[in-house]
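Subject: The structure you asked for

Hi there,

Here's the structure I said I'd pass on. Have it open while you read, and turn it around as you go.

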Amino acid sequence: MPPQFAKTTPILRMFDVRKAREFYLDFLGFKVDFEHRFEPDLPLYMGISLGSAVLHLSEHHGSCSPGARVIIETTGLADYQAGLLAKSYGYARPGLEHQPWGATTMTVTDPFYNALVFSEEDETPT
């Protein structure tokens, strides 16, 4: 049987659980799928999702390095962006960028220097 591949789940580094929750849950609208700590005072590993977009966030220093960039395929990007701007989040006012390859993108950087690039393919004229 030839190899088959399924979804990819990026792991992003976080340093402050409160800031991560404020950014990912309150601002972007992700929901928590699970949380794990080996012991109560050890680092948090958390799975979050927004629709079918899944991310894992880790306080563990060995899991990953900050500064990652993740592209999230999106539909309804302008409406999503308008909803984010309406929240008046003090640390981000994301704009839309029309790309030469036929997409509109919105980049939002989390408090730990990871960039989320929401990308929607432009409609092609018929």
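Below is what turned up in it, going from the whole chain down to single residues.

One thing to keep in mind from the start: this is a predicted model.

**The whole chain**

The protein chain has 2 helices and 8 strands. If you walk along from the N terminus, you meet them as β-α-β-β-β-β-α-β-β-β. The C-alpha trace spans about 55 × 50 × 20 Å along its principal axes. Of the 126 residues, 39% count as buried. Take the contacts between residues at least 6 apart in sequence: 51% of them join residues at least 24 apart.

**The sheet with strands 1 to 4**

Start with the open sheet in which 4 strands sit in the order 1-4-3-2, with mixed pairing. Its edge strands are strand 1 (11-13) and strand 2 (31-36), and each of them pairs on one side only. Neighbouring strands here are turned by 25° against each other on average, ignoring direction.

Helix 1 (residues 17-27) packs on this sheet and touches strand 1, strand 2, strand 3 and strand 4 (53-58). The helix direction makes about 150° with that of strand 2.

Strand 2 also pairs with strand 3 (residues 45-50), in the antiparallel sense and over 5 bridges. If you'd like one pair to click on, Phe 34 has Gly 47 in strand 3 as its bridge partner.

**The sheet with strands 5 to 8**

Now move on to the open sheet that has 4 strands in the order 5-8-7-6, again with mixed pairing. Strand 5 and strand 6 (97-99) are at the edges with a single partner strand each, so one side of each has no neighbour in the sheet. From one strand to the next, the twist averages 30°.

Strand 5 (69-73) pairs with strand 8 (residues 115-121) in the parallel sense, over 5 bridges. Two pairs to look up are Ile 71, which stands opposite Val 117 in strand 8, and Glu 73, which stands opposite Ser 119 in strand 8.

Which side chains of strand 5 are buried, and which are not? Val 70 and Ile 72 point to one face and are buried, while Arg 69, Ile 71 and Glu 73 point to the other face and are not. That fits what you'd expect, because side chains in a regular strand alternate between the two faces of the sheet.

Helix 2 (residues 77-86) lies across strand 7 and strand 8, and runs at about 30° to strand 7.

**A closer look at Thr 105**

Thr 105 is part of strand 7 (residues 103-109). Is Thr 105 buried or exposed? Its relative accessible area is 5%, so Thr 105 is buried, given that the cut-off for buried is under 20%. The side chain of Thr 105 makes a polar contact of 2.8 Å with the side chain of Gln 99. Leaving out residues up to four places away in sequence, the ones Thr 105 touches include Leu 77, Val 117, Phe 118 and Ser 119.

**The largest pocket**

How much space lies in the largest pocket? About 310 Å³. The lining is made up of 18 residues, and Ser 52, Ala 53, Val 54, Ile 72 and Glu 73 lie nearest the centre. Strand 4 and strand 5 are the elements that give two or more residues to this lining. Strand 5 gives the most, with 4 residues. You have already met Ile 72 and Glu 73 in strand 5, where they point to opposite faces.

**Two residues with a positive phi**

Most residues other than glycine have a negative phi. With that in mind, have a look at two loops.

- Ser 88 is in the loop between helix 2 and strand 6, and its phi is near 50°, a positive value in a residue other than glycine.
- Tyr 113 is in the loop between strand 7 and strand 8, and has a positive phi of about 70° although it is not a glycine. At 65% relative accessibility, Tyr 113 counts as exposed, because the cut-off for exposed is over 50%.

Happy browsing, and shout if you get lost in the strands!

Cheers

How values were computed
Residues numbered from 1 in each chain as written. Predicted model: local features only at pLDDT ≥ 70, side-chain atom pairs only at ≥ 80, totals over all residues. Heavy atoms only, no water. Pairing = 2+ DSSP bridges. Axes fitted to C-alpha atoms, helices over the stretch in contact; angles between N-to-C directions. Contact = heavy atoms within 4.5 Å. Buried < 20%, exposed > 50% of the residue type's maximum accessible area, 1.4 Å probe, protein only. Polar contact = N/O pair within 3.5 Å; in protein donor to acceptor, adjacent residues only side chain to side chain. 1 Å grid on protein atoms, 1.4 Å probe; cavity = no way out; pocket = protein on both sides within 12 Å on 5 of 7 lines; lining within 4 Å. Points joined across faces, edges and corners; volume = space filled by probe spheres on them.
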